[in-house]
Amino acid sequence: MTEAVVDEGDLIAAAHAAAAHSYSPYSDYAVGAALGFADGSVVTGTNIENASYGLALCAETVAVARAMGEGARGGLQMVAVVGPADKGGGEPITPCGRCRQVLNELAALGGTDPLILCVGAQETRRVQLSALLPDAFGPASLD
Ligand code: THU
C-alpha cells in the first residue's frame, strides 16, 4: 500500500474541527469527517440536519460532495470520522451504509482502498473501506 501523505493525527484533528460546525439540533449528534488525499490536501465535512428530519446530510457525504465539487476524482487515501464522545458509550463511529457507498465512488475513481479512521473517545479503529463495504457496487459495475 502507498504511504499516506496526510498524517493520521492531523486528519483526526481536522475532523474534530469540522464537527464544531455541525448543524445537528435534532439529533444533538455532531459528526466530523476529513478526507486525506494523495496530493496532501484535506477536505472536511460535517453533518447538516433539516427540520424535515429525513433530509439530514452525513458528515462523510458532505465532505465527498465538497471534494468532488472542487474537482477531486480519486487519490483518496484516508478518512477520519469523529462522533460525540458522550454518545454510544464513546465507541468509535463507523460510516453509515450510504456514506460507505458515497466514499466508495470517490475511492474507486482513483483505484484506492482508503483507510478509515473511526475515532472513539478511548480508541481509534482503523479499517479499510473494502472491509466496511465488501463486494461494492461501483463505477466499473456499469461498464
Ligand atoms: N451521521 C453522520 O454524519 N455520519 C454517519 O456516518 C452516521 C450518522 C449523522 C446523521 C445525523 O445528523 C446524526 O449523525 C445522527 O444520526
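## Ligand shell and cysteines

User: How many Å separate a polar side-chain atom of Glu-60 from an oxygen atom of the ligand?

Analyst: The model is predicted. A polar contact needs N or O atoms within 3.5 Å. The Glu-60 side chain meets that cut-off, with a polar atom to ligand oxygen distance of 2.7 Å.

User: What share of the ligand's area does the protein bury?

Analyst: Taken alone, the ligand exposes 370 Å². Of that area, the protein buries 78%.

User: Which residue places a backbone N or O atom 2.9 Å from an oxygen atom of the ligand?

Analyst: Asn-47 also lies 2.9 Å from a ligand oxygen, but through a polar side-chain atom. The backbone contact at 2.9 Å comes from Ala-59.

User: How many residues of the ligand shell are charged?

Analyst: The residues around the ligand include Ser-27, Tyr-29, Glu-49 and Glu-60. By class, six are nonpolar and three are polar. The charged residues number two.

User: How many disulfides does the structure hold?

Analyst: A disulfide needs two cysteine sulfurs within 2.5 Å. The sulfur of Cys-99 has its closest cysteine sulfur in Cys-96, 3.7 Å away, so that pair is too far apart for a bond. Cys-118 is in no disulfide either; its nearest cysteine sulfur, that of Cys-99, is 12 Å away. The count of disulfides is zero.

User: Is Cys-118 buried or exposed?

Analyst: Buried means under 20% relative accessible area. Cys-99 counts as buried at 1%. Cys-118 has a relative accessible area of 0%, so the class is buried.

Conventions. Residues numbered from 1 in each chain as written. Predicted model: local features only at pLDDT ≥ 70, side-chain atom pairs only at ≥ 80, totals over all residues. Heavy atoms only, no water. Near = heavy atom within 4 Å. Polar contact = N/O pair within 3.5 Å; in protein donor to acceptor, adjacent residues only side chain to side chain. Areas by Shrake-Rupley, 256 points an atom, 1.4 Å probe, with all protein chains shown as cover. Nonpolar A, V, L, I, M, F, W, Y, C, P; charged D, E, K, R; others polar. Buried < 20%, exposed > 50% of the residue type's maximum accessible area, 1.4 Å probe, protein only.
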